[in-house]
Structure formats: structure tokens, C-alpha cells
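Reader: Could you take me through one part of this model up close? I would enjoy a connected account of how it sits among its surroundings.

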Amino acid sequence: MSVHPPRFCLRPFSPSSHLHFHSLSHFVEKMSVLPGLLIFIVILTISCKQLGGLVYPEELLNPQETSFPLAPTPNAPTTPPLVPALFVIGDSSVDAGTNNYLPTLARADHLPYGRDFDTHNPTGRFCNGRIPVDYIALRLGLPFVPSYLGQTGAAEDMIQGVNYASAGAGIIYSSGSEMGQHVALAQQVAQLMDTFEQFMLTMGKEAATNLILNSVFYISIGLNDYIHYYLPNVSNVQSLYPPWSFNQFLASTVKQQIKNLYNANVRRVVVIGMAPIGCAPHYLWMYNSQNGECIEEINNMIVEYNFGMRYVVDQLNQELPESSIIFCDVFQGAMDILNNHQQYERLCVALQVSM
């Protein structure tokens, strides 16, 4: 089936560009995956975001019992996958349908979401087409990863991966709570632990441990802690925590959760950094940006978080034997696109023609 390129997303970038993803490329090479493709997917992480200007009907606050069929995987792979499974933790950047089953305003179960997806129907993904982890799963030789709340709970349905991501979720439990229910970082990790226990009961401890040891765990979360907590100054947080202290708190919380995963035999982890939300139209308007200039005050906070998280990842790789944890700095790639968008116009046209 022909799939249109994401029309609501930023222009893709050239894999040959030097965008400071060396650690991601190294990680991918060890799994025999083309680095350029995954770097492209990382940019989609920040570009396929929520579609603006939508009116949410009242019934979204009280969802009915609705069946959301699992997204089909096109051209099922005939060769063995490169890894046993892909497990996803995160927010709307990688939510594959979790919020379809929650009473929340943050839902993507209606058009125009999904109009360019393989089924041309909304699935709960916060994009008009595929989301980053869909492409990663296909490249790894895996099917699209089902939402944790969207499958039966049987081990055979989860053996090649599960997506726990929830739109509106943050590192802090209450981030995004004004939109309704969501599954925060700690809760997603708890769900992951429940999945591991089910694997051990069904497959046996040795088989389950081998599956976990060799699988990839993708973490993309944190922006909602700024969008829905720090920048709105919820509970007067800015007077208690200056940006650097707040970022240290976020990074240390993620660090502890990764340690919890490590103790459960997780070894391969990809941590996605925060994108430059200071360039988002909402903040350009709020801060009265001149000529579309990004809000440096906000982007500086994001750069500080990414710096701190990169340092945490370096620490973890030293502290945790046999771990392979990488940090992917999507901020640099996004800013390169915004500052040098002319370089990508021909590539974008070429991709549209080829697809």
C-alpha cells in the first residue's frame, strides 16, 4: 500500500548531515540497522506532533466501550528480526493508542489523525501517518508495536513488543493532568514490570530474561513537564526550582527509572532528548516573537535538560555493566532544519515524488 509522507510534519533531513547523533549511529550499527533511517525517524519524533485547532467533543471525557483494531503491519518481514522486541515508553510523540481507552481530552481517535496512515483511519497515533516507532519497528524486522491498553494481555500478543506511551504524560506524575487521565512515566514502568512478570510465568524465567536482555527500549518523554507544568508555573514551581535545578530533578528521575529497568534485565535503551519547544507557534505568539525568532529563554532550558540527560546517560553506562544506553539529541537536528530549511526543500520534493 502506498503511504503518503507526513504532511503535518517538518521536512525530513538528509542522513548525510552532521547533526550530532554519533552515539545513536553507533548503537544502531551494533544492531546492523542503517543509522540514517533512524536519525530520520528521530526528527519525526518531534515533527509529528498534535494537530492544532481541533475541537474536542464532550464524549471524549467519558469514552464508551469502543473497539480499536490493531494497526496492520505492511509487508510482514520474512527474515528474522534484528532484535526480539521493541518496548516503548513516552508521551504523544510515540503514543500508539493508549489514550483511546482513557477519559482525556488528549486523544487522537478521530480525523484528521491517521488520514495518511496505512489504514487511512485514526488509530490513536498523534500524527496523520506513522509515528517514529512504527518505522523503527519495521526496520528492526518487527510488526507495529501494539498499545498496552489496546491488546488482550496475552503473552503471545506482547512478545515482540508493547507500547506504553500515553499522550500528556510526563516525568512528573501530575504533568498534563488538566487534560484528563494519562499514564505517567512511573506508571508506564510499572506496566512494563507487569509485562515482564507475565513473560516469566508464560515462557519461563530463562527465556523471558533472554528476551528482555536483547530487546530495545525506547524512551521519549519530558516535554509535557515543561508545557503543562514548569512554563505555566503550576504550584509556583519556578520560585522553588530555577531551570537548572528543575532539569536536574527531571534527569535524576529518569535515571532512577532506567536503573529500575536495568534491575529487571533491561540492557539496550534509547533516550530521546527534548525538542526546541521555544520554536513552537504557541510560544512565538505568547512571547511576541519578532520575525518568527525562537524564544531563546525557553530553548535554553531545553538545552540544559539535554546536557544534563546526556551526562546522566554517560554515568549510567559507566555504572551499569553490559548496558548500552544512548542519548539522542533531537534539539540539534531540529534547529538545523529550522535554520537551514532551504537545504531540505529538494530532499522533501524528492521524497514526495518517490513515494
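Author: Happily! Both faces of strand 4 are covered in this predicted model. On one side Ser324, Ile326 and Cys328 are buried, and on the other Ile325 and Phe327 are buried too. The strand spans residues 324-328, and 5 of its 5 residues are buried.

Its pairing comes next. Strand 4 runs parallel to strand 3 (residues 268-272), with 5 bridges between them. One of the residues involved is Ser324, the bridge partner of Arg268.

Just before the strand in sequence, Glu319 belongs to helix 11 (residues 296-319). Glu319 forms a salt bridge with Lys255, where the closest N and O atoms are 3.6 Å apart. Because Lys255 lies in helix 9 (residues 243-263), this pair ties together parts that are 64 residues apart in sequence. The two partners differ in exposure: Lys255 counts as buried because its relative accessibility is 15%, under the 20% limit, whereas Glu319, at 39%, counts as partly exposed. Lys259 joins in as well, as Lys255, Lys259 and Glu319 are linked in a network of salt bridges.

The structure holds 7 salt bridges, and another is worth a glance alongside. The side chains of Asp118 and Arg130 meet at 2.8 Å, N to O. Both residues sit in the loop between strand 1 (86-90) and helix 3 (132-139), 12 residues apart. Asp118 is buried, with a relative accessible area of 5%, and Arg130 is buried at 12%.

Notes: Residues are numbered from 1 along each chain as its sequence is written. This is a predicted model: local features need pLDDT of at least 70, side-chain atom pairs count only at pLDDT 80 or more; totals for chains, interfaces and linings use all residues. Side-chain values use heavy atoms; hydrogens and water are left out. Buried means under 20% relative accessible area, exposed over 50%, partly exposed in between (1.4 Å probe, protein chains only). Helices (H or I, at least four residues) and strands (E, at least two) are DSSP runs, numbered from the N terminus. Two strands pair if DSSP finds at least two bridges between them. A salt bridge is a side-chain nitrogen of Lys or Arg within 4 Å of a carboxyl oxygen of Asp or Glu.
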